[in-house]
Amino acid sequence: MSFVRSRYRTSKRQRGSAMLELAFSTMLICMMALFALDIGVALLCYGNLDRTARDATRAAAQGSNRSEAQKLATAAMRNFAMPELIVSAPQVIEFRYNDFNGVPPAGQSPFVTLALQSRVKVPAPIFLFGADIPSSPVFITRRYTFPIVRLSIDNVLPP
């Protein structure tokens, strides 16, 4: 009879231990899934901002003057709009149009530099041992520089 009781107690302890292990592993897997979600959203927004900055700078390099270049860059930025719930619209933090008034110094070429910044709201903030990761929005910045190239077709073709 005592053999049956000890066997019953052992299996009950094993079930409790298994439940505790399951609870901890489930909590760990949920935290890893939330972290993966946060990283995925941040990478998605980073890629979108990178494409936006690249294409807007490339479009601005086609402008014949500063105001036209700004209009072309703004028009190109509209193509990459994302939902405002996750990421804010890109803000231009630097716009440099340097064409050297048509006469660049030796060894220099005219260029356009555009820097964009966007604010990403992390969908699942992680609270780990009292630390809020992240407690504020994450800012992503991308900067591109493209040369201004103007070709004169008249000089290329023979008469």
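Reader: How many aromatic pairs does the structure hold, and what makes two rings a pair?
Author: The structure, which is a predicted model, holds two aromatic pairs. The term covers rings of Phe, Tyr and Trp (for Trp, its six-membered ring) whose centres lie within 6.5 Å; planes under 30 degrees apart count as stacked, over 60 as edge-to-face, and the rest as tilted. Residues are numbered from 1 along each chain as its sequence is written, and side-chain values use heavy atoms, with hydrogens and water left out. As the model is a predicted one, local features need pLDDT of at least 70 and side-chain atom pairs count only at pLDDT 80 or more, while totals for chains, interfaces and linings use all residues.

Reader: Why is the pair of F100 and F111 called edge-to-face?
Author: The centres of F100 and F111 are 6.5 Å apart and their planes make 65 degrees; since edge-to-face asks for over 60 degrees, with centres within 6.5 Å, the name applies. F100 lies in the loop between β1 (91–98) and β2 (111–120), whereas F111 belongs to strand β2, so the pair ties together parts that are eleven residues apart in sequence. Helices (H or I, at least four residues) and strands (E, at least two) are DSSP runs, numbered from the N terminus.

Reader: What makes F100 partly exposed and F111 buried?
Author: Buried means under 20% relative accessible area, exposed means over 50%, and partly exposed lies in between (1.4 Å probe, protein chains only). F100 has 22% relative accessibility, and therefore counts as partly exposed, whereas F111 has 17% and therefore counts as buried.

Reader: Why is the pair of Y144 and F146 called stacked?
Author: For Y144 and F146 the planes are 25 degrees apart, with 6.3 Å from centre to centre, and the stacked class takes planes under 30 degrees apart, so the pair falls into it. Y144 is at 19% relative accessibility and counts as buried, and F146, at 19%, counts as buried too.

Reader: How do you know that β1, β2 and β5 form a sheet, and what makes β1 and β5 its edges?
Author: Two strands pair if DSSP finds at least two bridges between them. β1 and β2 pair in the antiparallel sense over seven bridges, and ten bridges join β2 to β5, which also run antiparallel, so both pairings meet the requirement of at least two. The three strands form an open sheet in the order β1-β2-β5; β1 and β5 each have a single partner strand, so one side of each is left without a neighbour in the sheet, and they stand at the edges. Within the pairings, N98 has F111 in β2 as its bridge partner, Y97 stands opposite V112 in β2, and S118 stands opposite I140 in β5.

Reader: Why is β2 called mostly covered?
Author: Eight of the ten residues of β2 are buried, that is, they fall under the 20% limit of relative accessible area.

Reader: What makes a set of residues a nonpolar core, and which members touch the most others in the largest one?
Author: A nonpolar core is a set of buried Ala, Val, Leu, Ile, Met, Phe, Trp, Tyr and Cys residues joined through side-chain atoms within 4.5 Å. The largest core has 23 residues, and F95 and V112 touch the most other members. Elements that give two or more residues to this core are α1 (2–60), α2 (66–77), β1, β2 and β5 (138–147), and α1 supplies the largest share, seven residues.

Reader: Which residues does F95 touch, and what makes a contact?
Author: Contact means heavy atoms within 4.5 Å. Leaving aside residues up to four places away in sequence, F95 touches A60, R66, A69, Q70, V112, T113 and L114. Of these, Q70 has its place in helix α2, and at 35% relative accessibility Q70 counts as partly exposed.

Reader: Why does S88 count as buried, and where does S88 lie?
Author: S88 lies in the loop between α2 and β1, and its relative accessibility of 16% is under the limit of 20%, so S88 counts as buried. Among residues more than four places away in sequence, S88 touches S118 and R119.

Reader: How many helices and strands does the chain have, and how much of the chain is buried?
Author: The chain comes to three helices and five strands, which run α-α-β-β-β-β-β-α from the N terminus on. Buried residues make up 26% of its 159 residues.
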